[in-house]
Amino acid sequence: YFPASLSFYRTTATLNFTKSNTAVIGAPGVEIRRNSGTGQLFTFANNVTDVVVSDIKFHQVISPAGAFIAMGLGQSNIRINFVRCWFEAEGAQVVLQTWNGTRTVLAAGNVNKNVTFRDCVIDGTGAFSTAPNTVSATGVNIAFEHCLFINAIATGAHLVLQGLGRKDLDGPFLVSDSHFEAGTGTWRPLIIQQIYGAIIKGNVIRSTQGILITQNGDYPASAGPNFDVNILGNVIEIDNTGQVGQNGIELATPTTGTDVLLRGSIVGNQIGTVGVPSSGSPQGVGIYGGLYNTTFSDNVFNNWTWVFSFNYATVLRVIIKGNHLHGGTLTGGSNSIQGSVTPTGPVFIQGNIDNSNNGINLPGGSFSGFFFYQNRGFNPQGVAAITPGASPYTYTNNDGVPEEVHIDGGTVTTVAKNAITLYSFGGAAARCAVWLEPGEALTVTYTVVPVVNKDRK
């Protein structure tokens, strides 16, 4: 037990927790601080279990060269719980980490498990481009609940959930009911790198950049995708004032042509942006890597230039359903769906409210791979003419919506679908209609071309 208002200063030595089945309890004003020297402020020895640390401020003032780790765990630590603690570091340091710095060689038996931070303040800096990050979490069952993340600096990140693409080392993670407050410069509140399992739930995030889901690019490990990432019921607000437009959620890879997320759910979030960027187009969800088996549902997207932006073709089995797709006018217009490429699909877009200025904008107007159903503000698309080619003429529905194709007049022999004749006119004038779902086709055989129109729903 530490008495109230005690300040405990370290110089060159590291405070090392070695005993299992221990409670380390402080009181208001208790501070463990380092003003000089090198190395960590505190660490845990290997194989420590069942420890509670509460009501203590850990403060690393110095920033010596190479002292990137202010506070950390060793190996094989199980059931370590921090309650009402304050972790503060200054300079280009990690405030705390849940691995021992050699995680590329950790065996499954050496991983830290069941580590919880509850009602804590994470106050510090990071340099994501040059050093480990503000809070670097790797392990099994790592949780941050009711925490406050503050004071990240330029190029930093408040919290990084990192892995090596190994199920026995990399999750699950829980980040819930916490608050991420903007620091100075461009920083990210949360980076998710090559993990198995995360629930990001009920947080308030106000930042100058959004959540990044990416591969493991800053440590010597083979790059790989993330699995089972769930982002649920958060309030995310990105301040784009005076900067190049930043995205709410960005799925990107350091290596072109690779996958970023194989299973995920982004459900029930409010994701918005404020302020006018100096350039660029802020995107609610920017997709720059392979995306599979992921659902976006019941979210409110507010004021984005592009709500969903598809910039990578390998997008398979993705559902966008029941969202409010509100595009803003920060850069003169908005699209609910924007793309530099058309996804391979299938991408199901159903039951959304489309409140953008310009709706859908894809290369060449191609909706191949998309399935649009009952989206207010987009469906129905209405009637458009089809110009038949030479007989036998095959028309394929690449409009991404169900449609009824009407064939009238001409001298028509047959109208077929799936190589089965639906109508036989024997060289007379045609009058019929055929229903086509996206991707389906019909074939008309004629000697005099009929009038063909499609009624797009």
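Here are some worked exercises on the predicted model above.

Residues are numbered from 1 along each chain as its sequence is written, and side-chain values use heavy atoms, with hydrogens and water left out. Since you're dealing with a predicted model, local features need pLDDT of at least 70 and side-chain atom pairs count only at pLDDT 80 or more, while totals for chains, interfaces and linings use all residues.

**Exercise 1: the overall make-up**

Task: Work out how many helices and strands the chain has, and what share of its residues is buried.

Solution:
- Start with the terms: helices (H or I, at least four residues) and strands (E, at least two) are DSSP runs, numbered from the N terminus.
- On that basis the chain has zero helices and 46 strands.
- Next comes burial, where buried means under 20% relative accessible area, exposed over 50%, and partly exposed in between (1.4 Å probe, protein chains only).
- Of the 457 residues in the chain, 53% are buried.
- Finally, try contacts (heavy atoms within 4.5 Å). Take those between residues at least 6 apart in sequence, and 78% of them join residues at least 24 apart.

**Exercise 2: Asn203**

Task: Find where Asn203 sits, and say whether it is buried or exposed.

Solution:
- Asn203 belongs to the loop between strand 21 (196-201) and strand 22 (204-207).
- With a relative accessible area of 1%, Asn203 is buried.
- Its side chain reaches the backbone oxygen of Val175 at 3.0 Å.
- Skip the neighbours within four places in sequence, and the contacts of Asn203 are Val175, Ser176, Asp177, Ser178, Phe180, Gly233, Asn234 and Val235.

**Exercise 3: salt bridges**

Task: Count the salt bridges, then see what the pair Asp55 and Arg84 ties together.

Solution:
- A salt bridge is a side-chain nitrogen of Lys or Arg within 4 Å of a carboxyl oxygen of Asp or Glu.
- The structure has 11 of these salt bridges.
- One of them joins the side chains of Asp55 and Arg84, at 2.9 Å from N to O.
- Asp55 is in the loop between strand 6 (49-54) and strand 7 (57-60), and Arg84 is in the loop between strand 9 (78-83) and strand 10 (86-89), so this pair ties together parts 29 residues apart in sequence.
- Arg84 is partly exposed, at a relative accessible area of 47%.
- Now try Arg431 and Asp408, whose side chains meet in a salt bridge at 3.0 Å, N to O.
- Arg431 is in strand 44 (residues 420-436) and Asp408 in strand 43 (residues 403-417), so the pair links distant parts of the chain, 23 residues apart.
- Arg431 counts as exposed at 68% relative accessibility, whereas Asp408 is partly exposed at 33%.

**Exercise 4: Thr49 and two positive phi values**

Task: List the contacts of Thr49 beyond its sequence neighbours, and look up phi for Asn21 and Arg79.

Solution:
- Thr49 is in strand 6, and its 19% relative accessibility makes it buried.
- Leave out neighbours within four places in sequence, and Thr49 is in contact with Ser20, Asn21, Ile78 and Arg79.
- As background, most residues other than glycine have a negative phi, and most peptide bonds are trans.
- Asn21 has a positive phi, near 55°. It lies in the loop between strand 2 (15-17) and strand 3 (22-25) and is exposed at 63% relative accessibility.
- Arg79 has a positive phi too, about 60°, although it is not a glycine. Its place is in strand 9, and it is partly exposed at 38%.

**Exercise 5: cis peptide bonds**

Task: Give omega for the bonds from Gly345 to Pro346 and from Asn379 to Pro380, and place both prolines.

Solution:
- The Gly345 to Pro346 bond is cis, with omega near 5°.
- Pro346 lies in the loop between strand 36 (335-339) and strand 37 (347-350).
- The Asn379 to Pro380 bond is cis, with omega near -5°.
- Pro380 lies in the loop between strand 40 (370-373) and strand 41 (382-386).

Note on methods:
Polar contact = N/O pair within 3.5 Å; in protein donor to acceptor, adjacent residues only side chain to side chain.
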